[in-house]
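Work through the exercises below with the sequence and the model at hand. Try each task before reading its solution.

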Amino acid sequence: MKRVSFLFGMALFAWLQSNAQTVNVEVAGIRNDNGNIMVMAQSKNVAKGDTCSMKTIYAKAKAAKNSIMIQLNGVKAKDIILSVFHDENNNYQLDMDDQHRPVEGFARGSYHVNPITPTAIKIKLYYPVTE
């Protein structure tokens, strides 16, 4: 009986892992190569009590002027919210000016993830305060 339970658990784990998808995110509009690009993906329906077992996924990559590609693995939700920001000074915060406007680039969007093939997303950073 223990062996059957163990085998069932392993099969369930393998099935759950097979439902995870890869999302390739192209971040465009990067103004310089200072710091890192930070990416966060969450299930879109978390606030609505979604029972999706997807945990928040984080990724970062060295910034490069114009655009970079970041791969998110293990995306289990069909609909995600993607948040991206350019951490130019490597302090892991979106810095604000005296009027509480972001001084580093950011973007946020809602996207559908293809459950069968890898999904490609292109998102452009917005720099509200420019020097």
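Two strands pair if DSSP finds at least two bridges between them. The model used here is predicted.

**Exercise 1.** List the helices and strands of the protein and give their order along the chain.

*Solution.* Begin with the count: there is 1 helix, and there are 7 strands. Then read from the N terminus: the elements follow the pattern α-β-β-β-β-β-β-β.

**Exercise 2.** In what order do the 3 strands of the open sheet lie, and which of them stand at the edges?

*Solution.* Step one is the order, which is 4-1-7, with mixed pairing. Step two is to look for partners: strand 4 (66-75) and strand 7 (119-124) each have a single partner strand, so each has one side without a neighbour in the sheet and stands at an edge. Step three is the turn between neighbouring strands, which is 20 degrees on average when direction is ignored.

**Exercise 3.** Describe how strand 1 and strand 7 pair, and find the residue opposite Glu26.

*Solution.* Strand 1 covers residues 21-30 and runs parallel to strand 7, with 6 bridges in the pairing. Within strand 7, the residue opposite Glu26 is Lys122.

**Exercise 4.** What share of the residues is buried, and what share of the exposed area comes from carbon and sulfur atoms?

*Solution.* A residue counts as buried under 20% relative accessible area. By this cut-off, 35% of the 131 residues are buried. The exposed area of the protein is about 8,500 Å², and carbon and sulfur atoms supply 57% of it.

**Exercise 5.** Among contacts with a separation of 6 or more, what percentage joins residues 24 or more positions apart?

*Solution.* Such residues account for 68% of these contacts.

Note on methods
Residues are numbered from 1 along each chain as its sequence is written. This is a predicted model: local features need pLDDT of at least 70, side-chain atom pairs count only at pLDDT 80 or more; totals for chains, interfaces and linings use all residues. Side-chain values use heavy atoms; hydrogens and water are left out. Helices (H or I, at least four residues) and strands (E, at least two) are DSSP runs, numbered from the N terminus. Axes are lines fitted to C-alpha atoms, for helices over the stretch in contact, and angles run from 0 to 180 degrees between N-to-C directions. Buried means under 20% relative accessible area, exposed over 50%, partly exposed in between (1.4 Å probe, protein chains only). Contact means heavy atoms within 4.5 Å. Accessible areas come from the Shrake-Rupley method with a 1.4 Å probe; for residues, only the protein chains shown count as cover.
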